[in-house]
Each structure stands twice: as structure tokens, then as C-alpha cells.
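Hi,

Here is the structure I said I would pass on. Have a look at it first, and my notes follow below.

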Amino acid sequence: MLWTEGFGTFRRGIDPWTQLQRIENEMNRVLSRYASPSMSEFPAVNIWANGDHAVVTTEIPGIDSDKIDISVVGKTLVIRGGREPEVIKEGESYHRWERWYGQFAKSVELPFQIDPGKVEAKFAKGVLTITLPRAEADKPKKITVKSE
Amino acid sequence: MADKAKEIQKKETDSVERVEHTRATQVYTPDVDIIEREDCIVVTADMPGVDENAIDITLEKNVLTLYGKVDIDLPERLKLLHAEYGIGDYKRVFTLSGEIDRDKIDATVKNGVLKVLLPKAEAVKTRKIEVRAEV
């Protein structure tokens with residue numbers, strides 16, 4: 001029971017649901033390390049695809065759309081951006097500071113070559129959606145079988 | 001007295017968290033910043049996927065609840081290859097102290113970030129006390 005120490009919760013009495021939730025969180029944390037070692041942590045992305053195109057979505061609230069930089073090379077998509085902390089004047093103070101700040105760069109590798117000229121990106125409500133069509137040259141060719 | 005009230009509030013919040021939702025969606029806790037300014041307290045919450053029509057802010061007694069409803073809009077005819085985040089609603093509950101002017105609470109949302117302005121009541125704004133010379 002290596003992780004018992006990490007919970008350290010029995011003080012408040014045992015609530016089976018809370019305990020289960022904790023175990024689930026811990027499992028997710030452990031498993032997520034193996035999920036995609038090639039990807040950096042932030043921001044989290046979801047990738048949707050079929051044989052023709054892919055859609056990558058990410059949640060980066062509070063950024064102006066012109067501050068997002070998207071570049072595509074071969075199979076790789078790179079998203080860059082950043083967010084500044086709120087400026088506080090003298091006499092003002094933070095009671096809580098949980099939101100992220102700073103610069104990020106995330107690269108995502110897709111299963112096919114991307115046509116860089118046809119990539120489209122939409123940013124709405126803090127969610128970035130990038131549509132990446134597959135390069136024509138990369139699409140499978142249909143070969144007709146001639147009968148002799 | 002203030003301490004006693006706080007304790008009661010805490011228990012209430014605890015029970016609120018155990019209430020189930022009828023919609024079968026995941027509910028996430030948004031990250032928040034709380035800044036105290038001279039005349040107000042600003043609560044900023046990251047709620048990507050939420051717009052002005054989908055936010056519900058309620059104030060009941062001393063409990064301020066922020067709820068953001070997200071419409072799940074998944075791409076069509078595509079297969080999910082890789083998922084690093086889940087989509088769901090947002091909920092966060094705070095207990096306010098009595099120093100907030102409840103009638104003047106204002107909220108805005110931009111690019112998925114909710115900003116709630118809680119103005120301080122006139123009575124608690126910093127007062128300058130004049131010192132008189134004793135005759």
C-alpha cells in the first residue's frame with residue numbers, strides 16, 4: 001500500500017465515496033503518465049480524425065485570438081500562446097491564485113501529413129478548434145486492377 | 001459571532017456538494033483568482049466553453065454559486081484519437097462575508113473567462129479618521 005500515505009484522510013472519518021473518488025484520481029494520475037509520453041503537459045488537447053482530416057481542440061481561456069500562434073510542419077502542429085497575470089496596484093492583494101499564467105508551446109503529432117495551406121482555426125468562448133486537412137499527396141491512391 | 005456563522009456556512013457548502021445533478025454531465029471545478037481591490041473583490045474563473053447565456057450566478061443568503069453550463073459540441077463523423085481533457089459544466093461555491101453590497105454585483109464573460117465584481121458596502125470602505133488636537 002504505497003499510496004496510503006498520500007491520502008492521509010482518515011481524520012475526517014471514512015466516507016466510502018470520497019475514498020473511491022480519491023483512488024480514482026490517484027489511478028488517473030498514475031495512468032496519465034503513460035498515456036502520451038510525447039506530449040507536453042499544457043494545454044490539454046483532444047484530437048479527432050478520419051482518413052481525410054483531423055480536428056484538434058484545446059481550452060485556452062482568456063487569450064486574445066491574435067495572440068495565438070499556430071504553425072504546421074509535416075505531421076506536426078504547434079500551438080503557442082500566453083497569458084499575463086492581472087496587474088495589481090498597491091494596497092490590492094490576491095486572496096486566491098489558481099489560474100495559470102505564462103507562455104506555452106504545445107506540439108501535437110498527427111497520424112498523417114497536413115496540407116498547411118488549408119488549415120483553419122476558430123477561437124470561441126476560450127476554446128480553440130483547428131481543422132487540419134490531410135495533404136493530397138499523403139492520401140492513399142486507389143489502384144485499378146486491369147484485366148488482361 | 002462571525003466565527004460561528006462561518007462554521008455553519010461550511011457545513012452547508014459541504015452538503016451542497018453532495019447534491020446530484022439531473023443532467024448526466026461531468027461537473028468541473030474551475031480555477032479562480034480572487035483579488036481584493038480598494039472598493040471591490042474580483043473573482044475571475046476560467047470556464048472555457050461557456051458564454052454569457054450559459055452562466056448562472058445565484059446568491060442565496062451568504063452563498064454565491066457560479067454555474068457554467070457547457071453545450072457539448074463534438075465534431076461530426078470523426079473518431080476521437082486522443083483525449084487529454086474532458087468537457088462538462090463548471091461549478092464553484094463561495095461564502096461571502098457581510099461586507100459585500102449585494103445589489104451591485106456585476107458579472108462579465110470574455111473568451112471563456114468569467115469575471116464577477118463584488119463591490120464592498122459603503123460602510124466597510126476604508127475610512128479616514130481625523131485626529132483632532134485636544135484643547
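A:Asp52 counts as exposed, since just 11 C-beta neighbours fall inside 10 Å and the cut-off for exposed is 12 or fewer. Bear in mind that this is a predicted model. You'll find A:Asp52 in the loop between S1 and strand S2 (53-59) of chain A. Leaving aside neighbours within four places in sequence, A:Asp52 touches A:Pro133 and A:Arg134. A:Pro133 sits 81 residues away along the chain, yet the two C-alpha atoms are separated by 6.2 Å.

What does A:Pro133 pair with in S2(A)? The bridge partner is A:His53. That bridge belongs to the pairing of S2(A) with strand S8 (residues 127-133) of chain A, where seven bridges join the two in the antiparallel sense.

For contrast, try A:Ile23, which lies in helix H2 (residues 16-35) of chain A. A:Ile23 has 12 other C-beta atoms within 10 Å, so it is exposed. If you want a long distance to draw, A:Ile23 and A:Glu86 are 63 residues apart in sequence and 36 Å apart in space, C-alpha to C-alpha.

Now chain A as a whole. Chain A has two helices and eight strands, and reading along the sequence gives α-α-β-β-β-β-β-β-β-β. Of its 148 residues, 19% are buried. Taking contacts in chain A between residues at least 6 apart in sequence, 52% join residues at least 24 apart.

The sheet I'd look at next crosses between the chains. Five strands make an open, antiparallel sheet in the order S7(A)-S8(A)-S2(A)-S1(A)-S6(B). Strand S7 (120-124) of chain A and S6 of chain B are at the edges with a single partner strand each, so each has one side without a neighbour in the sheet. From one strand to the next, the twist averages 20°. The join between chains is made by strand S1 (residues 45-49) of chain A and S6(B), which run antiparallel with four bridges between them. To find the spot on screen, pick A:Trp48, whose bridge partner in S6(B) is B:Leu80.

The contact between the chains takes 27 residues from chain A and 28 residues from chain B. On the chain B side, strand S2 (32-36), strand S3 (40-46) and strand S6 (79-83) each supply at least two residues. The residues on that side of chain B divide into 13 nonpolar, 10 charged and five polar.

Chain B also has an open sheet of four strands, in the order S1-S7-S5-S4, with mixed pairing. Strand S1 (27-28) and strand S4 (55-60) of chain B are its edges; each has a single partner strand, so one side of each is left without a neighbour in the sheet. Going across that sheet:

- S1(B) pairs with strand S7 (residues 89-95) of chain B in the parallel sense, over two bridges; B:Tyr28 has B:Tyr90 as its bridge partner in S7(B).
- S5(B) and S7(B) pair in the antiparallel sense over six bridges, with B:Val63 partnered by B:Thr95 in S7(B).
- S4(B) and S5(B) pair in the antiparallel sense, also over six bridges, and B:Asp56 stands opposite B:Tyr67 in S5(B).

S4(B) and S5(B) form a hairpin with two residues between them, and B:Lys61 in the turn has a positive phi of about 50°. Along strand S5 (residues 63-68) of chain B the side chains alternate: B:Leu64, B:Leu66 and B:Gly68 point to one face and are buried, whereas B:Val63, B:Thr65 and B:Tyr67 point to the other and are not.

Last, the cores. The largest nonpolar core has 18 residues, and those with the most contacts inside it are A:Ile47, A:Ala54, A:Val56, A:Leu77, A:Val108, A:Leu110 and A:Leu132. S1, S2, strand S4 (76-83) and S8 of chain A each supply at least two residues of this core. A:Leu77 makes a handy centre for a view: leaving aside neighbours within four places in sequence, its contacts include A:Val56, A:Val108, A:Leu110 and A:Leu132. Apart from that core lies another, of 14 residues, among them B:Val32, B:Ala45, B:Leu64 and B:Tyr90.

Cheers

Definitions and conventions: Residues are numbered from 1 along each chain as its sequence is written. Chains are lettered from A and ligands numbered from 1 in the order in which they are written. This is a predicted model: local features need pLDDT of at least 70, side-chain atom pairs count only at pLDDT 80 or more; totals for chains, interfaces and linings use all residues. Two residues are in contact if their C-beta atoms, placed from the backbone, lie within 7 Å. Ala, Val, Leu, Ile, Met, Phe, Trp, Tyr, Cys and Pro count as nonpolar, Asp, Glu, Lys and Arg as charged, and the others, Gly among them, as polar. Two strands pair if DSSP finds at least two bridges between them. A residue is buried if 20 or more other C-beta atoms lie within 10 Å of its own, exposed if 12 or fewer, and partly exposed in between; C-beta atoms are placed from the backbone. Axes are lines fitted to C-alpha atoms, for helices over the stretch in contact, and angles run from 0 to 180 degrees between N-to-C directions. A nonpolar core is a set of buried Ala, Val, Leu, Ile, Met, Phe, Trp, Tyr and Cys residues joined through C-beta atoms within 7 Å.
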